[in-house]
Amino acid sequence: MPLLIRRSRSLLLSLMLILFAALLASAFAAPARAATARPPVVLVHGTNGGPQITWATTIAAFEQAGYQSGSTLFAIDLSKRTGEEQDLSLLADTAYVADEVRKIMANTGAAQVDVVGHSRGGLIVRLLATGETASLVHRAVTLDTPHAGVLSREQMAPLFKAANLDPAFRALLGITSDVEVGSATISTMLARERRFADRRVPALAVASTWREGVPAFLAGHDGVVSVASQLAWPGAATFTARLGPAPDQLAGGIDMTVLDTNNPHVQSHESAEVFTKVLAFLQAPDAPAPARACEPACADFAALKGHWAEAEISPFLRTRLPYAVDSQGQLVFEANRPMTRAEFIYGLVKSLGLTERLGATTFADMRGHWALGYVEAATQAGLVKGITPDAFGPDEPLSRAAAATLVVRAKALATSGQGSGASRFADTHGHWAEAYIDAAADAGIVKGDGGTFRPDASMTMAE
């Protein structure tokens with residue numbers, strides 16, 4: 001019995017030493033990254049702004065509310081972006097912000113971020129909260145953002161003339177063509193929202209105006225932007241802040257009232273009232289997804305039921321294939337209609353794991369198109385060319401030959417050359433895509449139809 005007791009005590013002591021060693025090791029080990037209660041907040045400034053110029057007051061308010069700069073609060077500096085400066089720079093800025101957001105997520109362990117943008121920065125936020133990049137965003141806020149675009153130079157000229165003001169002051173605001181009404185960038189943003197209508201991020205659009213005494217020239221406007229256009233973000237919650245009284249009269253000559261601190265457009269990102277509203281929106285409990293018009297019985301992909309390709313298509317519908325959203329909010333895949341070139345490129349880019357590339361394009365017919373970023377990604381990867389140097393033909397039907405060629409290029413399959421007389425199909429000998437079609441057939445990607453391939457026929461969505 002004493003021997004048994006001694007052994008039991010020895011075993012107990014060993015267990016205690018092991019436990020103590022484990023606790024000691026854990027105390028000196030690198031601390032595990034703790035999951036934050038809320039997503040980090042990312043601030044995006046507008047034209048002529050910057051992290052301190054625009055956000056000094058806002059950063060202080062967020063820190064007072066418990067956020068910490070560098071860990072749960074970040075202000076992006078757009079002046080650090082390098083690359084081409086073209087009329088689609090707003091898209092390039094959005095791509096830059098998306099990359100910065102991915103870095104923030106990687107460094108903090110966050111699954112998503114909340115984004116807040118002022119003025120032109122709000123357009124970047126809205127673009128970020130659309131389409132492919134919407135997965136990065138938990139909630140989005142825009143402050144005094146011209147969602148429908150800023151009035152063009154031609155549209156503003158008669159307003160200046162009527163008010164006896166010098167039109168030159170518009171240039172002081174740094175307004176670029178890509179944020180004007182009807183610009184290619186605004187059109188791309190709207191097209192992406194229509195195509196990916198099911199990827200809607202909870203959003204708040206804030207506009208500000210003078211509390212009283214608005215001059216006739218600026219009635220209904222905040223400086224140069226209509227308050228109505230600022231709130232024109234479908235599906236977003238809205239809030240209008242009435243901040244300060246307007247000056248008794250406008251300054252003569254160049255109108256400096258849009259540049260000084262008396263302007264609500266400047267006051268909006270420094271206003272305690274606005275910050276309180278934004279903070280409440282960001283910290284509110286997650287609401288259920290917005291109801292679709294077709295609920296409670298949405299018939300998503302109804303046309304695919306019983307289709308010959310249903311089993312092969314269904315696993316990839318949401319992740320790789322170019323489905324659409326109808327007016328009732330139902331998800332639609334029209335299996336029997338011809339597939340467009342843009343839709344095929346979308347699927348190809350998704351399948352290869354490439355990233356949508358927002359920015360300038362050499363194809364004039366891609367400006368304002370929902371697939372601009374996907375076509376640019378495929379072009380940069382060397383997978384696709386236009387039908388001419390400056391045209392891609394995104395909405396033209398894709399031929400079966402072109403589809404086979406794109407897949408062979410994407411998979412880097414070897415081709416044996418043309419004119420060998422050994423074509424796999426009776427109707428492809430001498431065809432420009434003969435070698436690509438044969439390579440696709442050799443790899444088991446295509447089978448043809450009774451010994452023929454119909455290379456110039458349009459490929460259906462199901463095919």
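Apart from its neighbours within four places in sequence, Gly46 is in contact with His118, Arg120 and Gly121. In this predicted model, Gly46 belongs to the loop that runs between β1 (41-44) and α2 (51-64), and the residue is buried, its relative accessible area being 6%. A further relation to the same stretch of sequence is given by the backbone positions, since the C-alpha atoms of Gly46 and Gly117 are separated by 7.3 Å although the two residues are 71 residues apart along the chain.

Gly117 and His118 recur in the surroundings of Thr145, a residue whose contacts, leaving aside neighbours within four places in sequence, are with Gly117, His118, Ser119, Gly122, Leu123, Ser229 and Gln230. Thr145 is placed in the loop between β4 (137-143) and α5 (153-162), and with a relative accessible area of 0% this residue is buried. The side chain of Thr145 also reaches the backbone oxygen of Ser119, at a distance of 3.1 Å.

Strand β4 itself contains Thr142, which has a relative accessibility of 0% and therefore counts as buried, the cut-off being under 20%. With neighbours within four places in sequence set aside, the contacts of Thr142 are Gly117, Gly122, Val125, His147, Leu204, Ala205, Val206 and Trp233. For one of these residues, His147, the contact includes a polar one between side chains, in which the side chain of Thr142 and that of His147 approach to 2.9 Å. Computed between C-alpha atoms in the model coordinates, Thr142 and Ile124 lie 9.3 Å apart in space, with their positions 18 residues apart in sequence.The loop between α6 (169-172) and α7 (184-195) holds Ser183, a buried residue with a relative accessible area of 8%. A polar atom of the Ser183 side chain lies 3.1 Å from the backbone nitrogen of Ile186. Leaving aside neighbours within four places in sequence, Ser183 is in contact with Ser177 and Asp178.

Aromatic side chains form 11 pairs in the structure. In one of them, Phe301 and Tyr323 meet edge-to-face, with 5.9 Å from centre to centre and 85° between the planes. Phe301 lies in the loop between α10 (272-283) and α11 (310-313), whereas Tyr323 lies in the loop between α11 and β9 (324-325), so the pair ties together parts that are 22 residues apart in sequence. Both Phe301 and Tyr323 are buried. Elsewhere, one aromatic cluster is formed by Phe196, Tyr346, Trp370 and Tyr374.

Aromatic rings also take part in arrangements with arginine. The charged end of Arg139 sits over the ring of Phe281, at 5.7 Å from the ring centre, and the charged end of Arg409 sits over the ring of Tyr436, where the distance to the ring centre is 5.7 Å.

One disulfide is found when the whole structure is searched. The residues that form this link are Cys294 and Cys298, whose sulfur atoms are 2.0 Å apart. The link of Cys294 and Cys298 is right-handed, with 95° about the S-S bond. The two cysteines fall into separate accessibility classes: Cys294 counts as buried because its relative accessibility is 12%, while Cys298, at 22% relative accessibility, counts as partly exposed.

For the chain as a whole, the secondary structure comprises 15 helices and 10 strands. Of the 463 residues in the protein chain, 48% are buried, a group that includes Thr142, Thr145, Gly46 and Ser183. When contacts between residues at least 6 apart in sequence are considered, 75% of them join residues at least 24 apart. The accessible surface of the protein chain comes to about 22,500 Å², and carbon and sulfur atoms account for 56% of that area.

Definitions and conventions. Residues numbered from 1 in each chain as written. Predicted model: local features only at pLDDT ≥ 70, side-chain atom pairs only at ≥ 80, totals over all residues. Heavy atoms only, no water. Helix = DSSP H or I, 4+ residues; strand = E, 2+ residues; numbered from the N terminus. Buried < 20%, exposed > 50% of the residue type's maximum accessible area, 1.4 Å probe, protein only. Contact = heavy atoms within 4.5 Å. Areas by Shrake-Rupley, 256 points an atom, 1.4 Å probe, with all protein chains shown as cover. Phe/Tyr/Trp six-rings, centres within 6.5 Å; stacked < 30°, edge-to-face > 60°. Lys NZ or Arg CZ within 6 Å of the ring centre and 35° of its normal. Disulfide = S-S within 2.5 Å. Polar contact = N/O pair within 3.5 Å; in protein donor to acceptor, adjacent residues only side chain to side chain.
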